[in-house]
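Biologist: Could you take me through one part of this protein closely, and set that part against the whole chain? I would like to know what surrounds it and where the neighbouring loops stand.

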Amino acid sequence: MLNLVRVLLAAFVSLFGFNFIKDLSKAKASNGFEDVPAWKPLTTGFVTDFFDTLGIGSFAPTVAMMNALKINIPDKLIPGTLNVCHTIPVVFEAFIFTTVIKVDSITLISLLGAAVVGSYVGAGIISKMDERKIQIVMGFALVVTAILMLLAQLGLMPGGGNATGLTGAKLVIGVVGNFILGALMTAGVGLYSPCMAMVYFLGMSPTVAFPIMMGSCALLMPTASVKFIKEGTYAKKTSLFITIGGVIGVFIAANFVSSMPMDILRWVVIIVIAYTSVTMLKKAFTKQIA
């Protein structure tokens, strides 16, 4: 079963890579790259995917870093850019964690499949949304993510246990939950924190969250990203250099980092996500008033 997951990962990322490179070639030939210094997205990719490998998540930190470094792309392009630029780094992570952490095969396949279907449905909707609707969806979803992370950080998140798999009603809940999280990924909302919360709630071991959440993203992101590429709703140069920096960040985090002050880091991420959500909602509702 796990070998099947790896074969699927390779197939999905190959399909994505073909479409990504083809679209980038067309953009370069027609001067379709946005005007942004390469070091900015390169640095963004390295930092965000480095910490993504440690389970922090990359979507909200990427938005925050793009704001801080003044990588100015239209908000309408943010969901597509987030999915496209982090696809290859996350597949790299998934190969690592499905190899080193034991998880029940049926549970893993079921939850991964649900996330992929959710992303396909979600991408078709999100890619056609106007900018203000995307800002509202992302803003409120990031608020929920920040609350879930805060509850977990304060030890108020229910659940947790030693199980490496799900059966019966819990498996059904997990499948439905990951379908919804897969759809939200296409709105630019990271799956990691909500997925980790769901895994805890269903009584599974915290370590099992890593192959589930990384495998889910690694399969759903190529699926959703191909749709974003075909719709042209992503920033091309930014995505390319975040991808390059991200792969380097994952490699270093996976091979050379043995311990990090994760408690402090999670507090920083919670603050970043909260700030990003407020900024996104402020822009959306300011436009409505104007």
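Modeller: A residue is called buried when its relative accessible area is under 20%, exposed when it is over 50%, and partly exposed in between, with a 1.4 Å probe and protein chains only. By that rule, buried residues make up 54% of the 290 residues in the protein. Before going further, please keep in mind that this is a predicted model, in which local features need pLDDT of at least 70, side-chain atom pairs count only at pLDDT 80 or more, and totals for chains, interfaces and linings use all residues. Residues are numbered from 1 along each chain as its sequence is written, and side-chain values use heavy atoms, with hydrogens and water left out.

The overall fold comes before the detail. The protein has 11 helices and 0 strands, where helices (H or I, at least four residues) and strands (E, at least two) are DSSP runs numbered from the N terminus. Its radius of gyration is 18 Å, close to the 19 Å that the globule rule gives for 290 residues, so the protein is as compact as a globular protein of that length; the radius is taken over C-alpha atoms, and the rule is 2.2 Å times the number of residues to the power 0.38. Along the principal axes, the C-alpha atoms fill a box of roughly 50 × 40 × 35 Å. If contact means heavy atoms within 4.5 Å, then among contacts with a separation of 6 or more, 89% are between residues 24 or more positions apart.

The part to look at closely is helix α4, which covers residues 78-100 and contains Pro79. Pro79 has 1% relative accessibility and therefore counts as buried. Its C-alpha atom lies 9.7 Å from that of Val63, and the two residues are 16 apart in sequence.

Further along, helix α4 also holds His86, which counts as buried because its relative accessibility is 0%. The side chain of His86 makes a polar contact with the side chain of Thr62 at 2.8 Å; a polar contact is a pair of N or O atoms within 3.5 Å, where within protein one must be able to donate a hydrogen and the other to accept it, and residues adjacent in sequence count only if both atoms are side-chain atoms. Leaving aside residues up to four places away in sequence, His86 touches Thr48, Asp49, Ser58, Phe59, Thr62, Met221 and Ile242.

Now for the loop that leads into this helix. Lys76 is placed in the loop between α3 and α4 and, at 30% relative accessibility, counts as partly exposed. Its C-alpha atom is separated by 33 Å from that of Asp263, a residue 187 positions away along the chain. Lys70 lies in the loop between α3 (59-68) and α4 as well, and is exposed, with a relative accessible area of 60%. The phi angle of Lys70 is near 60 degrees, a positive value in a residue other than glycine.

A positive phi also appears at Asn31, where the angle is near 55 degrees in a residue other than glycine. Asn31 is found in the loop between α1 (2-29) and α2 (39-53), and its relative accessible area of 69% makes Asn31 exposed.
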